[in-house]
Amino acid sequence: MRIRLAQDPEADELLGRSPLALLVGMLLDQQVPLERAFAGPRAIVNRLGRDLDAREIASYDPDQFAALLAATPAVHRYPKAMAARVQALATYLVEHYDGSAEKVWEDVRDGAELLRRLLALPGFGRQKAQIFLALLGKQCGVRPDGWREAAGPYGEEGVHRSVADVVDAESLQLVRATKQEAKRAAKK
């Protein structure tokens, strides 16, 4: 799978081959530019010296993991809070999916079930879950029956509404323009 969310070849390669990295990137996607959020998993990998593993992250000393994310340059604007969220997500994956992120979307009956599973993930509210569901459907080939409906407006074709629609630098700018327009409209 060819992901272009971080707009950095190494970070995007990791996102394309590691379902856990993709989930972590989505978790980090708040209050920072999306490229920075989705580059976060690569920064964590570089600091760990190995690929992401939910069991390792879940068992990491919380203070040490927070320090890992806070090291310069920080992985996120709020490294301590995000370190706790990443560890909570990893712990949930270990407890419910044997540490395997892709099991969240494997063998789902339909889009509604996938949405329920995503909503159960720590740090995933409705909007984040729907956007991630749309990302899975549009870019990762995870398309159970009813996935577009479950993804809500983010599942629509031909829109530039979210990270699910970012496939290159141009589409990233279109998504940004759409978000800016929505903000302007909300202020009126």
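Buried, for the exercises below, means under 20% relative accessible area. One thing to keep in mind as you work through them: this is a predicted model.

**Exercise 1. Decide whether Ala 66 is buried or exposed, then place it in its surroundings.**

Start with the location: Ala 66 is found in helix α5. Next, take the relative accessible area, which is 12%. The cut-off for buried is under 20%, so Ala 66 counts as buried. Now look for partners. Once you set aside neighbours within four places in sequence, Ala 66 is in contact with Lys 80 and Ala 83. Finally, pick a reference point: Val 86 is 20 residues from Ala 66 in sequence, and the two C-alphas are 9.8 Å apart.

**Exercise 2. Describe helix α6: its span, its buried residues and what covers them.**

Step one is the span. α6 runs over residues 79–97, which makes 19 residues. From first C-alpha to last, α6 reaches 26 Å, close to the 27 Å expected at 1.5 Å a residue.

Step two is burial. Among the buried residues of α6 are Met 82, Ala 83, Val 86, Leu 89 and Leu 93, and the set also includes Gln 87 and Tyr 97.

Step three is the cover. It includes α2 (19–28), α4 (54–59), α5 (62–70) and α7 (111–119).

Step four is the end of the helix. α6 is followed by Asp 98, whose phi is positive. We'll come back to that residue in Exercise 5.

**Exercise 3. Work out how α2 packs against α6, α3 and α8.**

Some background first: two packed helices are described by the angle between their axes and the distance between the axes.

Take α2 and α6. Their axes come within 10 Å and cross at roughly 140°. That makes α2 oblique to α6, since only angles over 145 degrees would count as roughly antiparallel. The crossing is right-handed. On the α2 side you'll find Leu 20, Leu 23, Val 24, Leu 27 and Leu 28, which meet Met 82, Arg 85, Val 86, Leu 89 and Leu 93 of α6. By class, that contact has nine nonpolar residues, no polar ones and one charged.

Now α2 and α3 (residues 34–48). Here the axes are 7 Å apart and the angle is about 130°, so these two helices are oblique as well. The crossing of α2 and α3 is right-handed. From α2 come Ala 21, Leu 22, Val 24, Gly 25, Met 26 and Leu 28, and from α3 come Ala 37, Phe 38, Gly 40, Pro 41 and Ile 44. The tally for α2 with α3 is nine nonpolar, two polar and no charged residues.

Last, α2 and α8 (126–139). The axes come within 11 Å and cross at roughly 140°, and the crossing is right-handed. Leu 22, Leu 23, Met 26 and Leu 27 of α2 meet Lys 128, Ile 131, Phe 132 and Leu 135 of α8. That contact divides into seven nonpolar, no polar and one charged.

**Exercise 4. Find the buried residues of α1 and say what covers them.**

Helix α1 spans residues 9–17, and its buried residues are Ala 11, Asp 12, Leu 14, Leu 15 and Gly 16. Then check the cover: it includes α2 and α3.

**Exercise 5. Track down the backbone oddities in the loops.**

The yardstick: most residues other than glycine have a negative phi, and most peptide bonds are trans.

Go through the loops in order. Between α2 and α3 sits Gln 31, with a positive phi near 60°. Its relative accessible area is 52%, so Gln 31 is exposed. In the loop between α5 and α6 you reach Pro 73, which is joined to Thr 72 by a cis peptide bond with omega about -10°. In the loop between α6 and α7 comes Asp 98, with a positive phi of about 55° although it is not a glycine.

**Exercise 6. Characterise Arg 143: where is it, and what does it touch?**

Arg 143 lies in the loop between α8 and α9 (147–150). At 49% relative accessibility, Arg 143 counts as partly exposed, because exposed requires over 50%. Leaving out residues up to four places away in sequence, Arg 143 touches Gly 137 and Lys 138. For a distant reference, try Arg 36: 107 residues separate it from Arg 143 in sequence, and the C-alphas are 27 Å apart.

Methods. Residues numbered from 1 in each chain as written. Predicted model: local features only at pLDDT ≥ 70, side-chain atom pairs only at ≥ 80, totals over all residues. Heavy atoms only, no water. Helix = DSSP H or I, 4+ residues; strand = E, 2+ residues; numbered from the N terminus. Expected span 1.5 Å × (residues − 1). Buried < 20%, exposed > 50% of the residue type's maximum accessible area, 1.4 Å probe, protein only. Contact = heavy atoms within 4.5 Å. Axes fitted to C-alpha atoms, helices over the stretch in contact; angles between N-to-C directions. Parallel < 35°, antiparallel > 145°, perpendicular 65-115°, else oblique. Left-handed = near helix turned anticlockwise from the far one by under 90°. Nonpolar A, V, L, I, M, F, W, Y, C, P; charged D, E, K, R; others polar.
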